[in-house]
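Reader: Hi! Could you walk me through this structure and tell me what the words used for it rest on?

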Amino acid sequence: MRRAGYGIMARVSPPIETAARAARSLGVLDWIRIGVLALGVLFVATGLLPADSARSSLGRIAPLLLFLFAIIVLAELTKEAGVFDAIAQRMARAGRGRYAALFLLCVAFASVNTVFLNLDTTAVLLTPVMLALAARARIAALPLAMTTVWLANTASLLLPVSNLTNLLAADRVALETPEFAARMWLPQAAVLAVTMALLWVFYWRRRMRGADTYDPPDPVPVRDRVLFSATGLACLLFIGAILAGVHTGVQLGIATTVAAAVAVAAFAVRDRSALRPALIPWQLMVFVTGLFLVVPTLERYGLDDAMRALVGADDGVSGALRAGFSGAGLSNVLNNLPAYVAGESAVPAANQDQLLSLLVGTNVGPVITPWGSLATLLWFEWCRRWDVRVPLRKFVLTGTVLAVLGCAAAVGTLLLTR
């Protein structure tokens, strides 16, 4: 009997130990994400959020979750193949030791990545690439890190794929990708100009970066040219699908899945060790799912009324500014996703300018608090892992200046494109 009992314990212990190790590996942010989902499930279980409302909310984000899953897998494998590292190294070498040139190249790199591959991808993947580049070239890490996090947020206005909030807004205002870009290109250009000016003043000028020049890093050869080419091609396929007019959540999910499948197939042949469970962005999916259960519940019990009072119903200049700054403020109190969802329900259906102004606020505004956007949370986690000290007081103060000036510039230019 003891042998049998011991055998049972032996069979049971490894899964228990595995679960215990997994639980110990979770960080504070992971537990917060799990807590948000658990709270949402509790709301449904207790009837605070009716089951029909929960199904409707989850049905709305299901295609977005597919997109989020596929885009992160695609970007992770692209990074694993060395594409991002190669771009960063060539970028640093192209700067030839001049900080002004490196600044412009970093801005372009982070902006293009955010526009086409989503702001969370920039936070998850470009942050470690930039920090590694800083170490190899002996460059101060904070200017590169701040460029990444600010542009992950402020460069996310141009296309529906740039931000999950954009995908939600594009469906609401019935704008396909070309029309969406036509409305948002001028606000995007304006906020990029503001972001660049403030980045240089607060983080990149000589007194802040601590050196006149930097030493370009030595080139590192590509480890596997087949994987490098295959993942690069997959990214080009995805970008081509966007430029071809793919815009709805379902279409984007399919296009991104096809591109990710190309990358996965290449790694299945060349390097299966890279196809590990850690590729699955469960943290993002858990957090987003939880938010879309928690926010509809809060809307039923007062958040909706509060947002209507803040936003108003005016589709003119006053209403646009109120929507933009209300979205920015609520994003820094809660998070930009619930802020947009709550604000969207408060904006009258016919008020397109006001809704897009709300979108500006929830994209550009969440740069003040560490939890303002998921991208900012992820960025802080990477800085912690790389032992990069982020002065919180300076982060908040400079972020406030960017949020105010960026939202004002973007909303003002948005009204010029009517």
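Reader: How do you know whether the radius of gyration of the chain agrees with a compact globule?

Author: Happy to explain! The rule for a globule, with the radius taken over C-alpha atoms, is 2.2 Å times the number of residues to the power 0.38. For 418 residues a compact globule would have a radius near 22 Å, and the chain has 22 Å, so the two agree. Do keep in mind that this is a predicted model, where local features need pLDDT of at least 70, side-chain atom pairs count only at pLDDT 80 or more, and totals for chains, interfaces and linings use all residues. Residues are numbered from 1 along each chain as its sequence is written, and side-chain values use heavy atoms, leaving out hydrogens and water.

Reader: Why is the pair of arginine 223 and aspartate 271 called a salt bridge?

Author: The term asks for a side-chain nitrogen of Lys or Arg within 4 Å of a carboxyl oxygen of Asp or Glu. Here the closest N and O atoms are 3.7 Å apart, so the pair qualifies.

Reader: What makes aspartate 271 buried or exposed?

Author: Buried means under 20% relative accessible area, exposed over 50%, and partly exposed in between (1.4 Å probe, protein chains only). Aspartate 271 has 15%, so aspartate 271 counts as buried. Its partner, arginine 223, has 55% and is therefore exposed.

Reader: And why is arginine 308 called partly exposed?

Author: Arginine 308 has a relative accessibility of 40%, which lies in between the two cut-offs, so the label fits.
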